[in-house]
Amino acid sequence: MKAIPTDVSDFLEYRPETGDFFWLKSQGGPKKGDMAGSISSNGYRYISFDRRRFLAHRLAWFCSHGRDPEASIDHINGNKLDNRICNLRLASQTQNLGNQRGRRNNPAGYKGVTKVKWGWMARIQFQGRQIYLGLFSSAQAAHAAYCRAAVELFGEFARAA
């Protein structure tokens, strides 16, 4: 990851209670006082300055703690645009993945559950491998197995939905 310039506070004002950034100087296009950044197709806010592009949540961490984050930054509530410092925490890549939301296009309607010929299968991904949790007669029972495994594997980073 690219290091965040120490003079970031010369360019941007960070408001930890809202998670928003504002320009302190006019920058060609953006004017002083304008909200900084734009939302990318991946759903994250990026802010460009000093001829480089930075993720807003990593800038928020830097502005609040005075140093680059030494790990991934996890959005506790799962909202990629909620960059309030109270919603950000350091996380390993595995922990960050454990806090991901379920896929919207999952026909079962439950995270970690798949409809198969013989019933409902539950599985979970942990440290790059799929772990089979069993075959169940209902989607709800399979999801309950997923939730138990998620809490066991991811602890406070577990997200069931």
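## Pairing in the first sheet

Two strands count as paired if DSSP finds at least two bridges between them. With that in hand, welcome to this predicted model, where Ser48 stands opposite Arg53 in β5. Another pair to look up is Tyr46, whose bridge partner in β5 is Leu55.

These residues belong to a wider pairing: strand β4, residues 45–49, meets β5 in the antiparallel sense over 4 bridges. The two strands also make a hairpin, with 2 residues between them. If you like checking backbone torsions, have a look at Asp50 in the turn, which has a positive phi of about 55°.

## The sheet around β4

Stepping back, β4 sits within an open sheet of 3 strands, ordered β3-β4-β5, and the pairing is antiparallel. Its edge strands are β3 (38–39) and β5 (52–55), each of which pairs on one side only.

A helix accompanies this sheet. Helix α2, made of residues 56–65, lies across β4 and β5, and its direction runs at about 80° to β5.

## The sheet around β9

Further along the chain there is an open sheet of 3 strands with the order β8-β9-β10 and antiparallel pairing. The edges here are β8 (113–116) and β10, and each pairs on one side only. From one strand to the next, the twist averages 30°.

Within this sheet, β8 and strand β9 (residues 119–126) are joined in the antiparallel sense by 4 bridges. For a specific pair to display, try Val113, which stands opposite Ala122 in β9. Helix α4, residues 139–154, packs on the sheet and touches β8, β9 and β10. The direction of α4 makes about 15° with that of β9.

## A nonpolar patch on the surface

Now for the surface. Trp118, Tyr132 and Leu135 form a nonpolar patch there, and together they have about 410 Å² of accessible area. Of these residues, Leu135 can be placed in strand β10, which covers residues 129–136.

Why is Leu135 classed as partly exposed? Its relative accessible area is 41%, and partly exposed means a value between the buried limit of under 20% and the exposed limit of over 50%. The patch itself takes residues with over 30% relative accessible area, so Leu135, at 41%, passes that cut-off.

How values were computed: Residues are numbered from 1 along each chain as its sequence is written. This is a predicted model: local features need pLDDT of at least 70, side-chain atom pairs count only at pLDDT 80 or more; totals for chains, interfaces and linings use all residues. Side-chain values use heavy atoms; hydrogens and water are left out. Contact means heavy atoms within 4.5 Å. Axes are lines fitted to C-alpha atoms, for helices over the stretch in contact, and angles run from 0 to 180 degrees between N-to-C directions. Patches are made of residues with over 30% relative accessible area and no salt bridge: like charges are joined within 9 Å, nonpolar side chains (Val, Leu, Ile, Met, Phe, Trp, Tyr) within 5 Å. Accessible areas come from the Shrake-Rupley method with a 1.4 Å probe; for residues, only the protein chains shown count as cover. A salt bridge is a side-chain nitrogen of Lys or Arg within 4 Å of a carboxyl oxygen of Asp or Glu. Buried means under 20% relative accessible area, exposed over 50%, partly exposed in between (1.4 Å probe, protein chains only).
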